[in-house]
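Here is a friendly walk through a protein fold, from its overall build to a few backbone details. Please keep the sequence and the 3D view open as you read.

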Amino acid sequence: MDAVLNDLALHWPLYAAMPFIAALIGYVTKRVAIEMMFRPLDFVGIKPVFGWQGVVPKHGGRMAAVATELLTANLLDLKEVFGRIDPVIITSELEQPLLRAVDHIAREVLAEHHPRLWEVMPTLAQEMLIKQVQASAPRLVREFLDDVRENLDEVLDVQHMTVQRLTRDRALLVRLIRETSRPEMAFIARMGIYFGFGLGLVQTIVWAFTREPWVLPVFGGVIGLCTDWLAIKLIFVPREPVRVGRVIFQGKFQRRRAEVARQYGELIATEVLTVQNLLDAVLRGPRADRLAALVEQMVSSAVDTQMSASVLTLTVGGPRLREMKHAAATKALEQLPDTARYAEGYLTEAMDVAKMIEQRMLALTPLEFEGLLRPAFRQDEWKLIAVGGVIGFLVGELQVLLMLG
């Protein structure tokens, strides 16, 4: 005992520093583990032997699929979202750009497919024909919305759109997970300090009585391993509140359910399920041909209605008429993104995707809610914990050199 006390008196600064170094080990290993989850976006190193890619971007496709499954199965009802759009309001919002688009399409199609007749028609006759076509535009908008609602699953593959968006933009997937879990990441780092300091006190006592060179690196490795594992577990468990005396224990992520729901809903609404992204998926997605068929059918019906009361009925033959209908439908689809842009503000507000996701997330079971973030940790989790152990071991070895140097 005297030898221990003499050594403590002789090397007290190093002994005093041990718990703080252990706390630093705990913190550093946590920060490294956190960054390894998200960085780098692309593989850095020599494939396949040596190197690293962030866990989230590496498994982006799988994580995107999990996130999309949760989104489409539990958080989003697209029929309800589109049902919130008022045909009267959107027709009013689109009135002027719609009239301009119809004018442009009608003039272009007639001039392209029946140039001689169009050129010899008096200006007044041209204008009257255009006005007739424009007059049917509001009805076409309402019919278009009704058709899209009734055939939503046929014209929009939201799962394909979401997975493709998150997979193609790995930075977006990282941001989606990182922003909703930022407090949990900070919690992991803080827990590294507290757990590391506590284990460091035990480490100091064991070293004082043994002076064994293996104590410091082994304890350093244990600190790195245990604190990584424990910090990750404390994010998710216990899922339900557990009262011990006056203290209530619950996984940090579960406690932040309301905040996470709001953040997640806003991110999905502003980064993934935007009006432009949805429109792009409808126009260019795997089911775009179905939308094109709907538009062509509507345009064909409108053209038939106008032609029956027009002088063109006498001069336009069947084949040319079919060409005109197809050309008008094609140009209408091309004009759709620019025309819809004028109603983007109304559509975003009316659909209110963020609020729907937030409300439905609050109704998830604890296990379902955990599924929002847990896959990000589950993939290669053992590697993150192992890295913590390796770093802790190396720092412990450095302590031995300082103590015995």
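The report below covers the overall fold, the nonpolar cores, the largest pocket and some backbone features.

**Overall fold**

Please bear in mind that this is a predicted model. The protein chain holds 25 helices and four strands. Of its 405 residues, 47% are buried. If you look at contacts in the chain with a separation of 6 or more, 81% of them join residues that are 24 or more positions apart. The chain exposes about 20,500 Å², and 61% of that area comes from carbon and sulfur atoms.

**Nonpolar cores**

The largest nonpolar core has 85 residues. Within this core, the residues that touch the most other members are Ile90, Leu156, Tyr264, Leu273, Ile357 and Met361. Helix H17, spanning residues 257-272, gives the most to the core, with seven residues. A good place to start exploring is isoleucine 90: beyond its neighbours within four places in sequence, Ile90 is in contact with Ile85, Val141, Leu145, Ala343, Tyr346 and Leu347. There is also a second, separate core of eight residues, and among them are Tyr15, Ala208, Val215 and Val400.

**The largest pocket**

Which residues line the largest pocket? The lining consists of Thr72, Leu76, Asp77, Leu78, Lys79, Leu152, Asp153, Leu156, Asp157, Val158, Gln159 and Arg287. About 210 Å³ of space lies in this pocket. Sorted by class, the lining has five nonpolar, two polar and five charged residues. At least two lining residues come from each of helix H5 (78-83), helix H11 (152-155) and helix H12 (158-168). Leu156 deserves a second glance, as it belongs to the pocket lining and is also one of the residues with the most partners in the largest core.

**Backbone features**

Two cis peptide bonds are set out here, each with the loop that holds its proline.

| Cis peptide bond | Omega | Loop holding the proline |
|---|---|---|
| Arginine 39 and proline 40 | about -10 degrees | between helix H2 (12-38) and strand S1 (44-46) |
| Valine 237 and proline 238 | about -5 degrees | between helix H15 (215-236) and strand S3 (242-244) |

Another residue to visit is aspartate 352, a residue other than glycine with a positive phi, near 45 degrees. Where does aspartate 352 lie? Aspartate 352 sits in the loop between helix H21 (344-351) and helix H22 (353-362). Its relative accessible area is 31%, so aspartate 352 counts as partly exposed.

Key. Residues are numbered from 1 along each chain as its sequence is written. This is a predicted model: local features need pLDDT of at least 70, side-chain atom pairs count only at pLDDT 80 or more; totals for chains, interfaces and linings use all residues. Side-chain values use heavy atoms; hydrogens and water are left out. Buried means under 20% relative accessible area, exposed over 50%, partly exposed in between (1.4 Å probe, protein chains only). Contact means heavy atoms within 4.5 Å. Accessible areas come from the Shrake-Rupley method with a 1.4 Å probe; for residues, only the protein chains shown count as cover. A nonpolar core is a set of buried Ala, Val, Leu, Ile, Met, Phe, Trp, Tyr and Cys residues joined through side-chain atoms within 4.5 Å. On a 1 Å grid over the protein atoms alone, a cavity is a set of points where a 1.4 Å probe fits but cannot get out, and a pocket is an open set with protein on both sides within 12 Å along at least five of seven lines; lining residues have an atom within 4 Å of a point. Grid points are joined across faces, edges and corners, and a volume is the space filled by probe spheres set on the points. Ala, Val, Leu, Ile, Met, Phe, Trp, Tyr, Cys and Pro count as nonpolar, Asp, Glu, Lys and Arg as charged, and the others, Gly among them, as polar.
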